[in-house]
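Got the model open in your viewer? Let's walk through it one selection at a time, from the whole chain down to single side chains.

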Amino acid sequence: MQDTYTKEKQDFSKTIEQGEEKLKSTAFDVQRQLKQGQEQVQQLISQADKQLHENPWPVVAGVAVSCLFLGFIVGTSRSRN
């Protein structure tokens, strides 16, 4: 009976150690992927900033048209009430 208890305790300890190792490995992978994601976002932001500085007029026109449509939608909904 004592041998069974000792064996089960060792098996349980081994299972816990394996779980801890897997958790550490997963945490490392998540941190690595998070860092890669941050680098990609920074690259996209710098690329967008560069394109915006090279040719800002499409952005200005897009914002102007969006505001015009938004104003039209808000204005028509108020006149109906």
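Start by colouring the chain by burial: of its 81 residues, 0% come out as buried. Keep in mind while you look around that this is a predicted model. The cut-off for buried is under 20% relative accessible area, and every residue we select below can be checked against that value.

Now zoom out to the full chain. In cartoon view you should find two helices and zero strands. Draw a box along the principal axes and the C-alpha atoms fill roughly 85 × 45 × 5 Å. The radius of gyration is 29 Å, while a compact globule of 81 residues would sit near 12 Å. Switch on the surface next: about 8000 Å² is exposed, with carbon and sulfur atoms supplying 60% of that.

Next, colour by charge. The chain carries 10 positive and 10 negative charges, and their mean positions lie 10 Å apart.

Time to go into helix α1, which covers residues 2-54. Select Ser13, which is found in this helix. Is Ser13 buried or exposed, or in between? Ser13 is partly exposed, because its relative accessibility is 33%. For a ruler along the chain, pick the C-alpha atoms of Ser13 and Gln33: these two residues are 20 positions apart in the sequence, and the distance reads 30 Å.

Move on to Asp29 and Arg32 and show their side chains. Both belong to helix α1, three residues apart, or about one turn of the helix. What do their side chains form? They meet in a salt bridge, at 3.4 Å from N to O. Side chains of opposite charge can pair when their charged atoms come close. With a cut-off of 4 Å between the nitrogen and the carboxyl oxygen, the count for the model is one salt bridge. Neither partner is hidden away: Asp29 is rated partly exposed because its relative accessibility is 29%, and Arg32 gets that label because its relative accessible area is 39%.

For the last stop, select Leu52, Val59 and Val63 and show them as surface. Together they make a nonpolar surface patch of about 230 Å². Leu52 has its place in helix α1. Leu52 counts as partly exposed because its relative accessible area is 37%. Patch members need over 30%, so Leu52 qualifies on that score with its 37%.

Definitions and conventions: Residues are numbered from 1 along each chain as its sequence is written. This is a predicted model: local features need pLDDT of at least 70, side-chain atom pairs count only at pLDDT 80 or more; totals for chains, interfaces and linings use all residues. Side-chain values use heavy atoms; hydrogens and water are left out. Patches are made of residues with over 30% relative accessible area and no salt bridge: like charges are joined within 9 Å, nonpolar side chains (Val, Leu, Ile, Met, Phe, Trp, Tyr) within 5 Å. Accessible areas come from the Shrake-Rupley method with a 1.4 Å probe; for residues, only the protein chains shown count as cover. Helices (H or I, at least four residues) and strands (E, at least two) are DSSP runs, numbered from the N terminus. Buried means under 20% relative accessible area, exposed over 50%, partly exposed in between (1.4 Å probe, protein chains only). The radius of gyration is taken over C-alpha atoms; the globule rule is 2.2 Å times the number of residues to the power 0.38. Lys and Arg count as positive and Asp and Glu as negative; His and the chain ends are not counted. The place of a charge is taken as NZ of Lys, CZ of Arg, CG of Asp or CD of Glu.
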